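Student: I'd like to take a close look at one part of this protein, the bit tucked away inside. Could you walk me through it slowly?

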Amino acid sequence: MVVKVASFGEARDAVVSRVENVAFTVAWVPCKIAGSGLWLCIEDRKKGFVGGYVELRIDPISAEIVGLSVLRNPVASTHETASDIGDLPVVSIEDLPKIAFGPKVDVSMWEPGPRRIPRRAVVQEARNLESWRLRNGTYISFSETKPKKKIPCGPVEFVVDEGCDLVGIVVMAGDVPEDK
């Protein structure tokens with residue numbers, strides 16, 4: 001399954017931090033969430049957790065992405081696939097459908113039932129995870145689909161394909177906490 005960025009609002013500020021045993025987390029602020037949220041947990045298809053593990057947290061009511069955790073950095077790629085990530089066109093907020101908050105996703109993979117209450121809280125997927133150091137940050141890819149555009153949201157850029165399916169994220173240099 002893929003997560004589709006369905007709409008977008010004003011760019012929010014975000015806090016990038018490191019906590020014990022986690023590569024880094026991103027929390028968009030100010031952000032309130034209904035309950036514990038919906039989770040998309042992605043681990044590396046080939047190596048499991050040791051090959052990389054990323055979690056996206058989504059508000060079940062607004063469908064807004066409210067958090068990102070990289071529990072294990074994906075293995076650094078040897079492919080040149082991401083060499084042009086920095087040169088991808090940046091999608092202007094004005095070019096996207098307007099909402100009151102940050103990035104919203106299609107929540108159909110969580111099987112919403114009556115009154116939009118999801119039947120699942122966690123969706124787990126195995127994908128090919130890779131990471132690249134860019135001149136302006138770190139790119140984490142969780143799709144083999146060719147990226148087409150970047151959507152900025154604070155110190156993070158959501159990387160999407162032609163159909164606005166989320167294929168990766170860029171966290172700006174200086175915002176990613178260094179390994180100790």
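Student: How many residues does the largest nonpolar core have, and which residues have the most contacts inside it?

Tutor: Happy to, and keep in mind as we go that this is a predicted model. The largest nonpolar core has 35 residues, and the ones with the most contacts inside it are Trp28 and Phe158. In soluble globular proteins, nonpolar side chains tend to be buried together.

Let's see where the core residues come from. The protein chain has 0 helices and 14 strands, so strands are what you'll be following here. Those that give two or more residues to the core are E2 (13–17), E3 (24–29), E4 (38–44), E5 (48–58), E6 (65–72), E12 (149–153), E13 (156–160) and E14 (166–172).

Now zoom in on tryptophan 28. If you skip its neighbours within four places in sequence, tryptophan 28 is in contact with Arg12, Asp13, Ala14, Ile65, Val66, Gly67, Leu68, Cys153, Val156 and Phe158. Notice that Phe158, the other residue with the most contacts inside the core, is on that list too.

There is also another core, lying apart from the one around Trp28 and made of 7 residues, including Val159, Val167, Val170 and Met172.

Let's step back to the whole chain for a moment. Of its 180 residues, 50% count as buried. Take the contacts between residues at least 6 apart in sequence: 61% of them join residues at least 24 apart. As for the outside, the accessible surface comes to about 9200 Å², and 53% of that belongs to carbon and sulfur atoms.

Next, the loop between E13 and E14, two of the strands that give residues to the big core. Aspartate 165 lies in this loop, and it is buried because its relative accessible area is 15%, with the cut-off at under 20%. Aspartate 165 and lysine 4 are 161 residues apart in sequence, yet their C-alpha atoms are 4.2 Å apart in space. Cysteine 164 sits in that loop as well and also counts as buried, at 15% relative accessibility. Its backbone is worth a look: phi of cysteine 164 is near 70 degrees, a positive value in a residue other than glycine. Most residues other than glycine have a negative phi. Glutamate 111, in the loop between E8 (104–105) and E9, has a positive phi too, near 55 degrees, but glutamate 111 is partly exposed at 36% relative accessibility.

Finally, the aromatic rings. A search of the whole structure finds 2 aromatic pairs. In one of them, phenylalanine 49 and tyrosine 53 have ring centres 5.4 Å apart and planes at 45 degrees, so the pair is tilted. Phenylalanine 49 is partly exposed, with a relative accessible area of 38%, while tyrosine 53 counts as buried at 11%. The other pair, tryptophan 132 with tyrosine 139, is stacked, with 5.4 Å from centre to centre and 25 degrees between the planes. Here tryptophan 132 is buried at 10% relative accessible area, and tyrosine 139 is buried at 3%.

Terms used:
Residues are numbered from 1 along each chain as its sequence is written. This is a predicted model: local features need pLDDT of at least 70, side-chain atom pairs count only at pLDDT 80 or more; totals for chains, interfaces and linings use all residues. Side-chain values use heavy atoms; hydrogens and water are left out. A nonpolar core is a set of buried Ala, Val, Leu, Ile, Met, Phe, Trp, Tyr and Cys residues joined through side-chain atoms within 4.5 Å. Buried means under 20% relative accessible area, exposed over 50%, partly exposed in between (1.4 Å probe, protein chains only). Helices (H or I, at least four residues) and strands (E, at least two) are DSSP runs, numbered from the N terminus. Contact means heavy atoms within 4.5 Å. Rings of Phe, Tyr and Trp (its six-membered ring) pair if their centres lie within 6.5 Å; planes under 30 degrees apart count as stacked, over 60 as edge-to-face and the rest as tilted. Accessible areas come from the Shrake-Rupley method with a 1.4 Å probe; for residues, only the protein chains shown count as cover.
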